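Visitor: I would like to go through this model and ask, for each label, what value stands behind it. Please show me the structure and begin with the cysteines.

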Amino acid sequence: MPPAMGGGLAGSELRSRRGRCGSQAARVVGRDVAAEAAARSPKRPVRSSRRFEAAGRWALLALVTLVSFATRFHRLDQPAHVCWDETHFGKMGSYYINRTFFFDVHPPLGKMLIGLAGYLSGYDGTFLFQKPGDKYEHHRYMGMRGFCAFLGSWLIPFAYLTVLDLSKSFPAALLTAALLTFDTGCLTLSQYILLDPILMFFIMAAMLSMVKYNSCADRPFSAPWWSWLSLTGISLAGALGVKFVGLFIILQVGLNTISDLWHLFGDLSLSLVTVGKHLTARILCLIVLPLVLYVAIFAVHITVLNKSGPGDGFFSSAFQARLSGNNLYNASIPEHLAYGSVVTVKNLRMAIGYLHSHRHLYPEGVGARQQQVTTYLHKDYNNLWIIKKHNTNSDPLDPSFPVEFVRHGDIIRLEHKETSRNLHSHYHEAPLTRKHYQVTGYGINGTGDSNDFWRIEVVNRKFGNRIKVLRSRIRLIHLVTGCVLGSSGKVLPKWGWEQLEVTCTPYLKDTLSSIWNVEDHINPKLPNISLDVLQPSFPEILLESHMVMIRGNNGLKPKDNEFTSKPWHWPINYQGLRFSGANDTDFRVYLLGNPVVWWLNLVSIALYLLSGSIAAIAMQRGAQLPAEVEGLTKILLRGGGQLLLGWVLHYFPFFLMGRVLYFHHYFPAMLFSSMLTGVLWDTLLRLCAWGLASSSLARGVHALGILSLLLGTAYSFYLFHPLAYGMVGPLAQDPESPMAGLRWLESWDF
């Protein structure tokens with residue numbers, strides 16, 4: 001066997017099933033080798049050699065970690081202004097420090113950790129994070145950036161250890177570490193106040209922990225086995241707690257666990273009691289523990305954010321009643337609806353908001369040119385409506401008139417308080433939704449026509465009952481057309497201020513989008529009751545939070561002048577994202593992957609599919625392979641297969657998503673493709689070396705190949721590093737630019 005084929009490959013591949021630390025045969029071989037070595041050499045040099053080898057392993061890991069931290073923390077303070085999505089996640093960190101409730105489409109863990117890092121580093125939560133380019137000045141932002149860089153720095157040693165465990169090859173692990181260290185995209189994402197480095201940290205921690213507990217399969221229920229299994233569950237909770245795409249790594253761990261349990265079930269040397277213990281351990285560590293931690297994250301989130309803020313309108317009236325500073329908090333309002341009451345009407349579908357109108361008209365060609373009616377997510381005076389009888393203009397608040405309650409089945413008018421126009425519908429088509437009718441504001445000082453009349457109905461209640469504020473679920477049925485007032489949830493164009501479309505649907509099926517409740521209620525003639533009894537329980541808050549987040553995620557739309565992308569763009573590094581600056585006087589940072597690394601990864605995936613298919617067919621057909629080739633083939637199929645599965649699970653689901661997508665969504669998948677590249681090229685070079693007769697030549701082929709890849713990625717990083725660390729001066733098309741000649745694709749906008 002040529003020396004180039006060393007590194008523990010043959011011994012590691014004597015395992016009887018994937019994931020075990022070593023089979024009985026491997027241990028027997030190991031004892032034979034150890035006995036022979038002991039017979040030939042004194043004990044002290046052998047022990048010294050092992051210590052030297054162990055010290056070398058730790059030194060290499062320390063070097064990889066040191067270079068990773070050095071590249072991520074270099075020029076971390078530049079630029080000293082808000083970049084890209086720091087405007088969102090920095091602001092949300094401030095909300096946690098100020099205990100102000102807000103809404104975001106992602107679970108709260110990432111923002112909580114950013115806020116905690118800011119608080120511990122002396123940031124007081126007063127910076128506004130209004131828009132990219134705002135200077136931080138005296139505000140302490142480095143704690144939050146430093147925290148994200150700290151977690152981003154661990155991606156490289158995690159990947160190094162994962163590949164080392166899967167391949168038992170230091171060159172493969174070192175090549176993987178170099179690919180990620182010298183990737184400008186991973187570097188850029190790690191240096192700013194973003195969720196991405198936090199998410200990728202937990203994904204890689206889960207992957208490493210899973211691989212480690214697989215490698216301890218021959219020592220089940222030992223302390224290391226329990227530790228790695230528990231760390232896997234903790235990391236899964238962390239990944240899902242940052243973003244919902246953490247579900248992809250949960251799916252990968254789940255598939256690995258199912259496969260592992262299936263092999264255990266087929267091992268007839270194990271009793272069913274033992275198999276049951278394995279199943280119970282995985283349920284506890286990979287299901288119960290992550291769920292408990294995930295729920296605990298939301299408990300902390302809800303406890304900390306106890307003050308009213310900009311996210312209130314996304315949630316139900318009962319949810320808002322628990323927020324200090326909200327107009328419903330500790331409020332007392334009349335219990336039953338009466339004529340003359342000033343009210344706000346809220347849609348029960350999550351993230352739709354309040355029935356709203358304003359003085360702007362629908363544009364020419366969009367139904368009747370009358371006043372717009374929309375739904376709006378925030379508190380506003382234009383959300384206020386007065387409930388009046390359909391057949392009289394007398395003032396119900398006149399002291400001489402007795403109080404008259406609104407009841408199920410009554411015919412009413414809703415007059416917009418600010419403009420004195422009535423809620424109105426007719427047979428004109430709605431602006432966006434076909435076969436639905438337009439809803440407008442119509443009339444002068446409350447005087448309109450019969451198309452202003454609505455029948456109010458309480459869902460699942462009998463005729464004649466009073467309507468309760470907050471608790472009654474009501475429908476408004478148009479008297480002339482028979483349609484039901486609702487919201488499609490579609491975002492209107494700029495002429496509608498990007499608020500949500502209100503329509504009157506002729507389809508009478510009950511849906512949440514056509515059901516409303518009365519929230520604010522002002523009527524000086526009625527006694528008030530406390531709203532404390534309406535506050536929801538924790539399970540109700542948890543369920544509502546998830547419904548709002550999922551709906552918000554699905555409804556994300558691109559902002560003006562924002563570079564969105566399609567999933568097929570990502571692996572080819574087709575287009576980057578501008579983090580900061582646009583012209584030659586700005587400090588410019590551009591998110592783009594190192595093209596040498598990314599295109600090598602793309603080639604490696606194709607090459608792996610080809611070589612892996614050939615190897616799998618050969619082994620399935622029972623081809624007699626030399627022991628060394630068989631060992632390398634198993635590493636390629638098993639270790640590489642795990643990594644390919646990770647790439648597939650973190651990439652292809654984006655093709656099925658209807659929401660807006662960005663380039664940075666690909667980076668978790670890119671981690672897996674880089675690890676696959678490290679395993680593939682190390683294995684192929686070893687196979688090439690095996691085919692050469694001369695052992696010295698074999699060692700040289702492998703070493704030269706790995707060294708060429710390492711130097712190539714390092715040199716490409718030298719060329720493209722200004723993208724991550726910042727550029728000032730001429731743009732790339734200028735010969736004087738530091739990026740001159742490096743704009744290899746026209747779609748790269750630097």
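Guide: A disulfide is a pair of cysteine sulfur atoms within 2.5 Å. The model is a predicted one, and in it the sulfur atoms of Cys-483 and Cys-504 are 1.9 Å apart. That value lies within 2.5 Å, so the pair is called a disulfide.

Visitor: How many disulfides does a search of the whole structure find?

Guide: The search finds 1. Cys-483 lies in the loop between strand E10 (474–478) and strand E11 (484–491), and Cys-504 lies in strand E12 (residues 500–505). The two cysteines are 21 residues apart, and the pair links distant parts of the chain. The angle about the S-S bond is 95 degrees, and the link is right-handed.

Visitor: Are Cys-483 and Cys-504 buried or exposed?

Guide: Buried means under 20% relative accessible area. Cys-483 has 0% relative accessibility, so Cys-483 counts as buried. Cys-504 also comes out at 0% and is therefore buried.

Visitor: How do you know that Cys-148 is in no disulfide?

Guide: The nearest cysteine sulfur, that of Cys-83, is 13 Å away from that of Cys-148. A disulfide needs the sulfur atoms within 2.5 Å, so this pair does not qualify. Cys-148 has a relative accessible area of 0%, so Cys-148 is buried.

Visitor: What makes Cys-688 partly exposed?

Guide: Its relative accessibility is 47%. Partly exposed is the class between under 20% and over 50%, so Cys-688 falls in that class.

Visitor: What does UniProt record for the part of the chain that holds the disulfide, and which residues does the annotation cover?

Guide: An unreviewed UniProt entry carries the annotation "domain: MIR" for residues 334–390, 403–459 and 464–521. Over residues 334–390 the model has 0% helix and 46% strand, with the end C-alpha atoms 22 Å apart. Over residues 403–459 the figures are 0% helix and 44% strand, and the end C-alpha atoms are 24 Å apart.

Visitor: Why is E10 called mostly covered?

Guide: In E10, 5 of its 5 residues are buried. In a regular strand the side chains alternate between the two faces of the sheet. On one side of E10 are Ile-474, Leu-476 and His-478, and on the other are Arg-475 and Ile-477. These residues are all buried, and both faces of E10 are covered.

Visitor: What makes strand E9 (residues 454–458) a partner of E10?

Guide: Two strands pair if there are at least two bridges between them. E9 and E10 are joined by 5 bridges, so they count as a pair, and they run antiparallel. Within this pairing, Glu-457 stands opposite Arg-475 in E10.

Visitor: Why are helix H7 (residues 155–167) and helix H8 (residues 170–181) called roughly antiparallel?

Guide: Their packing angle is about 155 degrees, with the axes 8 Å apart. Angles over 145 degrees count as roughly antiparallel, so H7 and H8 get that label. The crossing of H7 and H8 is right-handed.

Visitor: What is the relation of H4 to H5?

Guide: The axes of H4 and H5 come within 8 Å and cross at roughly 70 degrees. The range from 65 to 115 degrees counts as roughly perpendicular, so that is the label for H4 and H5. H4 passes H5 in a right-handed crossing.

Visitor: What is noted about the backbone of Arg-99?

Guide: Arg-99 has a positive phi of about 60 degrees although it is not a glycine. Arg-99 sits in the loop between H4 and helix H5 (109–120). At 33% relative accessibility, which is neither under 20% nor over 50%, Arg-99 counts as partly exposed. Trp-497, in the loop between E11 and E12, likewise is not a glycine and has a positive phi of about 60 degrees.

Visitor: Which residues does a cis peptide bond join?

Guide: Gln-78 and Pro-79 are joined by the cis bond, with omega about -5 degrees. Pro-79 lies in the loop between helix H3 (43–73) and helix H4 (86–98).

Visitor: How many helices and strands does the protein have, and what share of its residues count as buried?

Guide: The protein has 20 helices and 16 strands. Of its 750 residues, 54% count as buried. The C-alpha trace spans about 115 × 70 × 50 Å along its principal axes.

Methods: Residues numbered from 1 in each chain as written. Predicted model: local features only at pLDDT ≥ 70, side-chain atom pairs only at ≥ 80, totals over all residues. Heavy atoms only, no water. Helix = DSSP H or I, 4+ residues; strand = E, 2+ residues; numbered from the N terminus. Buried < 20%, exposed > 50% of the residue type's maximum accessible area, 1.4 Å probe, protein only. UniProt positions renumbered as here; feature names shortened; annotations may be inferred. Axes fitted to C-alpha atoms, helices over the stretch in contact; angles between N-to-C directions. Parallel < 35°, antiparallel > 145°, perpendicular 65-115°, else oblique. Left-handed = near helix turned anticlockwise from the far one by under 90°.
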